[in-house]
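Work through the two exercises below with the model open beside you, and try each task before reading its solution.

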Amino acid sequence: MATHTTRMLIIGSGPAGLSAAIYGARAGLQPIVVQGLQPGGQLTITTDVENYPGFRDVIQGPWLMQEMEAQAVHVGTRMMWDTIVSVELEGPKFRAIGDGGDVYEGDTLVIATGAQAKWLGVPGEMELSGKGVSACATCDGFFYRGKKVVVIGGGNTAVEEALYLTNHSQDVTLIHRRDSLRAEKILQDRLFAHPNVTVVWNKRVERFVADAESGELRAVVLIDTESGEESEITTDGAFVAIGHAPATSLFEGKLDTDESGYLIVEPGTPKTKVPGVFACGDVMDHTYRQAVTAAGTGCMAALDAERYLAARGFAEAAEAVVAE
């Protein structure tokens, strides 16, 4: 067991955490990034990325995260292969304990633990992820221009995804297991009024079916929740939109969260209620959840951490002068 000390401790290694590391390292804060269970975040399980600025051609998610990590290391970041199991936010140094017993101490703490899409857990879902099954219409909808798609869910996320997909497809089907939606009324009104959207009620997804030749998604098998009857919808793409689960269990009782579990920050900033602790990326953003917005909030967290340390150093110097 060892103790690792830094001026900026970052938990999480997706676009938010690595962007914070790049800015923090360039400011001389010698950040430590503890990578967690999924180094690189959700982009490591994303294949084609076409909406990250700076690349004219489609790039691969894992490659993008490898490049971000290499850049962070190049400017002075220390990467740690560990998973944090508990944190102490009382200060003056913030402490995080890894599952092997190593202790990480930081004068500032940047939380970039992200959020995971909720999945149905049915056969074919994981096997066809990236081959027709997705959990992000904004990320992948572009690849289904002029094709038939389905969206699974009944809340705001599902309705918003279905409406977004009408920008690319003239055949969008929303599948919901009940006979009414949970989404806000204004969103429902827009959905029902759209000529390119069909709603299928009282159906749950039983399994996703691959095409025997291409290995891509071919159809979705449904079960009627009232009669038990089985049916099938042929589709090119299926978007699971049943919400996200932010990785905030480490901070229960220590930081404020909203009703969905996302960390609450001061509006327009990554500042939590604890001075010196900042949250960035999907762990605090339940609206946009994009790689580029996560990277932006990571930058903000690093800049605010630098300012926090500068202000604290100035205050400590002033107190020392008074004491003399």
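**Exercise 1: a sheet and its edges**

Strand 15 (residues 217-224) and strand 16 pair in the antiparallel sense over five bridges, where strands are DSSP runs of E with at least two residues, numbered from the N terminus, and two strands pair if DSSP finds at least two bridges between them. The model is a predicted one, in which local features need pLDDT of at least 70 and side-chain atom pairs count only at pLDDT 80 or more, while totals for chains, interfaces and linings use all residues. Residues are numbered from 1 along each chain as its sequence is written, and side-chain values use heavy atoms, with hydrogens and water left out.

Task: Find the bridge partner of Val221 in strand 16, and explain why strand 14 and strand 16 each have one side without a neighbour in the sheet.

Solution. Step one: Val221 has Glu232 of strand 16 as its bridge partner. Step two: the open sheet consists of three strands in the order 14-15-16, with antiparallel pairing. Step three: strand 14 (203-210) and strand 16 (230-234) are at the edges and have a single partner strand each, so one side of each lacks a neighbour in the sheet.

**Exercise 2: the setting of Glu125**

Task: Decide whether Glu125 is buried or exposed, and determine which residues it contacts beyond its neighbours within four places in sequence.

Solution. Step one: Glu125 belongs to the loop between strand 9 (115-117) and strand 10 (133-134). Step two: its relative accessibility is 1%, so Glu125 counts as buried (under 20% relative accessible area, with a 1.4 Å probe and protein chains only). Step three: beyond those sequence neighbours, Glu125 is in contact (heavy atoms within 4.5 Å) with Trp119, Leu120, Val133, Phe208 and Val240. Step four: a polar atom of the Glu125 side chain lies 2.8 Å from the backbone nitrogen of Leu120.

Notes:
Helix = DSSP H or I, 4+ residues; strand = E, 2+ residues; numbered from the N terminus. Buried < 20%, exposed > 50% of the residue type's maximum accessible area, 1.4 Å probe, protein only. Polar contact = N/O pair within 3.5 Å; in protein donor to acceptor, adjacent residues only side chain to side chain.
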